[in-house]
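Work through the exercises below with the model open beside you. Each task is followed by a stepwise solution.

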Amino acid sequence: MLTFAYALLFYIAAAVLVGGLAFRIWEYATTPAPLKIPTTPAPRTRGGVVLRLGREVVLFESLFKANKWTWLFGWAFHAALLVVLLRHLRYFTRPVWELVVLIQPFGIYAGFAMVAGLLGLWGRRLLVPRVRYISAPSDHLMLALLVGIAASGLLMKFVAHTDIVALKSFFLGLIYLDWQPLPPDPVLLVHLGLVAALMIVFPYSKLLHAPGLFFSPTRNQVDNPRERRHLAHWARELEAGRS
Amino acid sequence: MEQVKDPDRSEGELADPLEIPDLAPGCMAASKPYVAAPEFQKALGFPGELVENWQDKAIEKMGELRDKYRSFRVFLDSCIKCGACTDKCHYFLGTGDPKNMPVARQDLLRQVYRRHFTLAGKYVPWLVGAKDLDEQVLDDWYSYFHQCSECRRCSVFCPIGIDTAEITIAAREIMDSVGKGAKYSNEIIGKVETIGNNLGLPPKALKATLEDLEEDVLEETGVAVRFPLDEKGADILLVTPSADFFAEPHITGLIGYAKVFHQVGARWTMSSYASEAANFGLFIGSYENMREIALRIRKAAEDLGVKRIVFGECGHAWRVAYSFLNTLAGPFDFLDQRYPIPQHICEYTYDLIERGKLKFDKSKNDHIRLTFHDSCNVARGASMGKKSGDQFEIPRAILRASCNHFYDMAPDTIKESTFCCGGGGGLLTDDLIELRKKGAQPRMRALQQVAEEHGVTHMAAICAICKTQFSKVLPMYGFDMEAIVGVHQMVSNAIILDGSSQKSDGNEG
């Protein structure tokens with residue numbers, strides 16, 4: 001019963017995450033950007049834009065300019081999350097990829113960095129009046145969700161081990177449609193439940209900042225309006241009526 | 001509720017331009033511009049006054065904008081509420097009103113967007129801060145979307161690149177579409193579209209003004225510098241903000257352009273039909289109105305048969321010209337493709353300086369110790385020259401060529417981090433004077449710093465709005481109103497005119 005419930009939950013969560021994100025990306029990609037609005041100074045070439053976006057994605061360049069504390073906590077959280085996610089690939093792959101093996105020793109401590117970053121961000125949200133003012137309940141809840149995921153994960157790693165071999169069989173079973181029983185550890189159930197919740201809210205929440213950044217016209221446009229005429233389809237139609 | 005520190009604080013005690021004020025909720029709620037009269041609304045294709053079912057109409061418009069503008073959709077979805085922008089807006093720094101924090105300003109619109117266009121907002125509005133559009137919200141929109149000068153400073157610092165200007169522009173477009181427009185911008189757009197310039201100067205008055213200028217310059221310099229109007233067959237069409245025709249210090253800048261053209265024997269003209277570089281269509285987010293104004297420039301260029309278009313000193317005009325003109329009114333295949341289309345007067349002058357075509361007597365500006373205020377729309381919404389960032393270097397190079405004493409203000413208050421003058425984005429109106437004064441505070445403090453450290457006496461800018469705004473607010477902060485100058489005003493002071501080479505064409509205007 002438990003196995004069935006979680007299997008179903010993860011199928012739904014995965015479908016919502018993938019389908020929902022694909023839909024958002026389709027929406028963003030098909031909505032025209034009728035005017036050239038890169039925040040200047042901006043790169044004059046496509047390659048320059050790739051570098052600019054790359055710096056935003058990897059280094060959080062603009063956030064660094066804005067606020068060093070927010071940058072530190074935010075960057076630490078995201079970098080740690082990436083390492084943790086990569087480490088978790090070992091539960092979904094057989095044989096385990098080499099990169100994932102290499103990252104294993106760091107992955108464990110990245111969990112702590114993740115929590116530290118999240119708590120730092122939450123602290124700012126609670127203590128800095130400006131940030132508190134702009135926070136809705138959902139902003140706190142999102143942090144709680146992420147802290148819950150990280151904390152329950154760390155708990156399993158360092159305190160209450162779960163049957164990791166059985167868990168891996170469960171997930172491989174999900175992938176290859178050959179269901180295996182899920183270990184009924186409470187901490188594991190909480191961890192997985194929160195992860196599924198995160199996957200489900202992703203396409204319906206501010207987590208859309210992840211795809212959003214790539215579609216942000218102030219960051220992804222080439223600064224060449226004088227050299228190349230930029231025209232949206234609806235503007236072209238408007239022009240058709242030009243006298 | 002006065003949050004601004006006394007601008008006349010005792011000498012020696014220098015205020016930090018970036019000092020973050022305590023939150024003073026609602027202290028600017030009453031600041032709002034006059035509503036446009038029905039006749040001006042209708043002239044632009046908007047309802048005359050607030051329509052009966054304005055809620056539904058506004059939501060409908062919001063949906064339309066969401067489908068037409070990727071920026072609007074992505075920016076409304078993507079804000080993380082990280083707070084990076086919260087201390088970046090000059091109006092927040094000057095007032096302390098939390099709704100002037102860029103994210104909070106966006107949220108005024110985002111709360112309604114979430115209520116109607118997101119799943120969470122529809123079913124659990126309290127959780128995500130979603131709200132119905134009611135009169136209170138509309139009131140907030142009208143107040144606070146007219147406390148954003150669309151200067152894009154917040155967009156520099158946003159990790160996602162969210163530009164509050166795009167949200168403000170959309171909000172104003174929505175309000176216009178339900179019949180609640182601001183008098184200042186909408187009246188002015190009407191004047192450009194009927195008469196040809198923001199001031200409503202008819203061609204005859206314009207011609208007379210320019211003839212007077214020719215006399216003045218002849219008297220002053222002994223050189224017959226011309227100010228041609230509507231001269232067919234000229235090579236260059238100069239499009240400049242109409243304030244250049246009569247306002248101080250703007251007009252001295254116009255004299256500067258004319259002297260540069262004269263010195264190199266350029267065949268140039270202005271147009272009475274397109275006697276305005278400014279394009280307030282940008283401020284109200286109306287693509288249609290922005291395009292109509294841009295098309296006047298195209299028509300003038302075609303009718304006069306020019307080969308090039310050069311823009312005078314105006315910030316948002318340059319944004320529309322550099323970033324949008326090709327889109328709105330292009331392609332300009334009838335112009336000489338060897339030159340940038342359009343070109344900024346600073347690019348034009350800088351190129352001549354580089355090629356050694358202009359000579360300056362810098363000592364003419366020795367009574368001036370100068371700094372440069374990067375105008376927001378030039379700094380963050382446009383560019384110049386060949387390299388990214390040339391919009392900062394070119395005006396400074398011109399100033400250094402024409403003046404011996406130049407000092408930049410603090411690095412985090414110039415170039416891409418520059419502050420708006422406090423009067424941009426359609427807010428340059430007396431009904432918003434308190435806002436304009438408070439919004440100027442960060443720039444005034446930065447100026448105060450270089451005044452103390454380097455004895456700076458004057459600040460140059462390449463924007464008609466900046467010039468007008470600073471003329472008004474400088475005295476409120478203890479400076480001389482004439483401390484604001486144009487870049488080509490400095491050029492005009494120092495350029496050495498070759499008296500014997502007056503080869504201006506004989507065409508009478």
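**Exercise 1. Trace the pairing of β1 and β3 in chain B.**

Solution. Strand β1(B) covers residues 236–239 and pairs with β3(B) in the parallel sense over four bridges. Two strands count as paired if DSSP finds at least two bridges between them. Helices (H or I, at least four residues) and strands (E, at least two) are DSSP runs, numbered from the N terminus.

Before going on, note the ground rules. The model is predicted: local features need pLDDT of at least 70, side-chain atom pairs count only at pLDDT 80 or more, and totals for chains, interfaces and linings use all residues. Residues are numbered from 1 along each chain as its sequence is written, while chains are lettered from A and ligands numbered from 1 in the order in which they are written.

Now fix the register. Arg308(B) in β3(B) is the bridge partner of Ile236(B).

**Exercise 2. Extend the sheet to its edges and give the strand order.**

Solution. Step 1: go outward from β3(B). Two bridges join it to β4(B), residues 343–344, and the two run parallel. Val310(B) has Gln343(B) as its bridge partner in β4(B). Phe311(B) has His344(B) there. The chain gets from β3(B) to β4(B) through helix α15(B), residues 315–329, in a right-handed β-α-β crossover. Right-handed means that, with the strands pointing away from the viewer, the path from the first strand over the helix to the second runs clockwise.

Step 2: go outward from β1(B). Two bridges join β1(B) to β2(B), again in parallel. Ile236(B) finds its bridge partner Trp268(B) in β2(B). Helix α13(B), residues 250–263, carries the chain from β1(B) to β2(B), and this β-α-β crossover is right-handed.

Step 3: assemble. The result is an open sheet of four strands, ordered β2-β1-β3-β4 in chain B, with parallel pairing. β2(B), residues 268–269, and β4(B) stand at the edges with a single partner strand each, so one side of each has no neighbour in the sheet.

**Exercise 3. Sort the side chains of β1(B) and β3(B) by direction. Are they buried or exposed?**

Solution. Start from the rule: in a regular strand the side chains alternate between the two faces of the sheet. In β1(B), Ile236(B) and Leu238(B) point one way, and Leu237(B) and Val239(B) the other. In β3(B), residues 308–311, Arg308(B) and Val310(B) point one way, and Ile309(B) and Phe311(B) the other. All four in β1(B) are buried. So are all four in β3(B). Buried means that 20 or more other C-beta atoms, placed from the backbone, lie within 10 Å of the residue's own; 12 or fewer is exposed, and in between is partly exposed.

**Exercise 4. Describe the two domains of chain B and their contact.**

Solution. Step 1: set the bounds. Domain 1 is 38–188 and domain 2 is 195–407 + 456–501, with bounds from an automatic or database domain assignment. Their C-alpha centres lie 33 Å apart.

Step 2: count the contact. Domain 1 of chain B supplies 16 residues and domain 2 of chain B supplies ten. Contact requires C-beta atoms, placed from the backbone, within 7 Å.

Step 3: find the contributors. On the domain 1 side, α9 (153–157), α10 (164–177) and α11 (183–194) of chain B give two or more residues each. α10(B) gives the most, with five residues.

Step 4: look at α10(B) again. With α5 (102–117) of chain B, it is among the elements that cover the buried residues of α8(B). Those buried residues of α8(B), residues 135–144, include Leu138(B), Trp141(B), Ser143(B) and Tyr144(B).

**Exercise 5. Profile each chain, then their interface.**

Solution. Chain B has 22 helices and seven strands. Its C-alpha trace spans about 80 × 55 × 40 Å along the principal axes. Of its 509 residues, 61% are buried.

Chain A has twelve helices and zero strands. Its C-alpha atoms fill a box of roughly 70 × 45 × 40 Å along the principal axes. Of its 243 residues, 31% are buried.

How many residues of chain A are in contact with chain B? There are 55, and they meet 57 residues of chain B. Among the elements of chain A that supply at least two residues each are α1 (2–30), α4 (68–88) and α7 (137–158).

Methods:
Contact = placed C-beta atoms within 7 Å.
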